[in-house]
Amino acid sequence: MLSKERIKEAQANIPGYLGQGLLNKLKNPDEAVRKVLINNCEESMKVADLLFKNNYSDLWAIVCSYYAMYYMANAVLYSFGYKVGEKIAHKVTADALRGCPKIKWYVLSSEDRAIKNLKKSPAKKLLSEGRN
């Protein structure tokens with residue numbers, strides 16, 4: 001769980017991101033863009049699953065899983081009318097999810113549910129002990 005200080009920092013960063021064009025408020029979001037982000041997420045998860053199940057590369061399974069999360073995070077932002085720019089995109093995405101007032105309540109409650117589910121999942125063992 002993020003500290004209150006980190007959430008406040010993310011909130012403080014949002015106006016600067018908007019002013020510098022690192023985060024853009026969209027007037028007419030294109031549904032096709034959101035669908036591409038979701039498709040990228042799904043494809044990344046399929047690749048991660050394939051790599052993991054075939055014991056090919058834990059590193060690249062993690063990388064693909066991270067990108068699946070990143071694409072879905074951007075799809076959520078896009079659904080709320082925000083598009084992340086190209087510079088420092090990963091930081092902007094993380095801060096926007098936690099700092100935009102109309103989004104943060106949704107993300108933080110989802111994050112709590114994800115943490116509770118992770119504690120019950122087999123992934124917890126892999127994360128804490130690694131694969132043998």
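**Figure 1. Lys 91 is partly exposed, at 36% relative accessibility.** This and the following views show a predicted model. The side chain of Lys 91 forms a salt bridge with that of Glu 9, at 3.8 Å from N to O. This pair connects distant parts of the chain, with Lys 91 in helix 4 and Glu 9 in helix 1, 82 residues apart. Glu 9 is also partly exposed, its relative accessible area being 39%.

**Figure 2. A salt bridge within helix 4 joins Lys 91 and Asp 95.** The N to O distance between the two side chains is 3.0 Å. Both residues belong to helix 4 and are 4 residues apart, about one turn of the helix. In an α-helix, residues three or four places apart point the same way, because there are 3.6 residues a turn. Asp 95 has a relative accessible area of 0% and is therefore buried, whereas Lys 91, at 36%, counts as partly exposed.

**Figure 3. Asp 95 and Arg 6 form a salt bridge.** The closest N and O atoms of the pair are 2.4 Å apart. Asp 95 lies in helix 4 and Arg 6 in helix 1 (residues 4-20); with their positions 89 residues apart, the pair links distant parts of the chain. Arg 6 is partly exposed, at 23% relative accessibility; the cut-off for a buried residue is under 20%.

**Figure 4. Arg 6, Glu 9, Lys 91 and Asp 95 belong to one salt-bridge network.** Lys 91 and Asp 95 pair with each other at 3.0 Å, N to O. Through shared partners, the salt bridges join Arg 6, Glu 9, Lys 91 and Asp 95 into one network. The count for the model comes to 6 salt bridges.

**Figure 5. Helix 4 (residues 89-99) is largely enclosed by the rest of the structure.** The helix has 11 residues, and 8 of them are buried, so the description as largely enclosed follows from that count. The buried residues are Ala 89, Val 92, Thr 93, Asp 95, Ala 96, Leu 97, Arg 98 and Gly 99. Asp 95, with a relative accessible area of 0%, is the acidic partner in the salt bridges with Arg 6 and Lys 91.

**Figure 6. Tyr 66, Tyr 67 and Met 69 make a nonpolar surface patch.** The patch covers about 290 Å². Met 69 is located in helix 3, which spans residues 58-79. The relative accessibility of Met 69 is 49%, so this residue counts as partly exposed; the class of exposed residues begins over 50%.

Definitions and conventions. Residues are numbered from 1 along each chain as its sequence is written. This is a predicted model: local features need pLDDT of at least 70, side-chain atom pairs count only at pLDDT 80 or more; totals for chains, interfaces and linings use all residues. Side-chain values use heavy atoms; hydrogens and water are left out. Patches are made of residues with over 30% relative accessible area and no salt bridge: like charges are joined within 9 Å, nonpolar side chains (Val, Leu, Ile, Met, Phe, Trp, Tyr) within 5 Å. Accessible areas come from the Shrake-Rupley method with a 1.4 Å probe; for residues, only the protein chains shown count as cover. A salt bridge is a side-chain nitrogen of Lys or Arg within 4 Å of a carboxyl oxygen of Asp or Glu. Helices (H or I, at least four residues) and strands (E, at least two) are DSSP runs, numbered from the N terminus. Buried means under 20% relative accessible area, exposed over 50%, partly exposed in between (1.4 Å probe, protein chains only).
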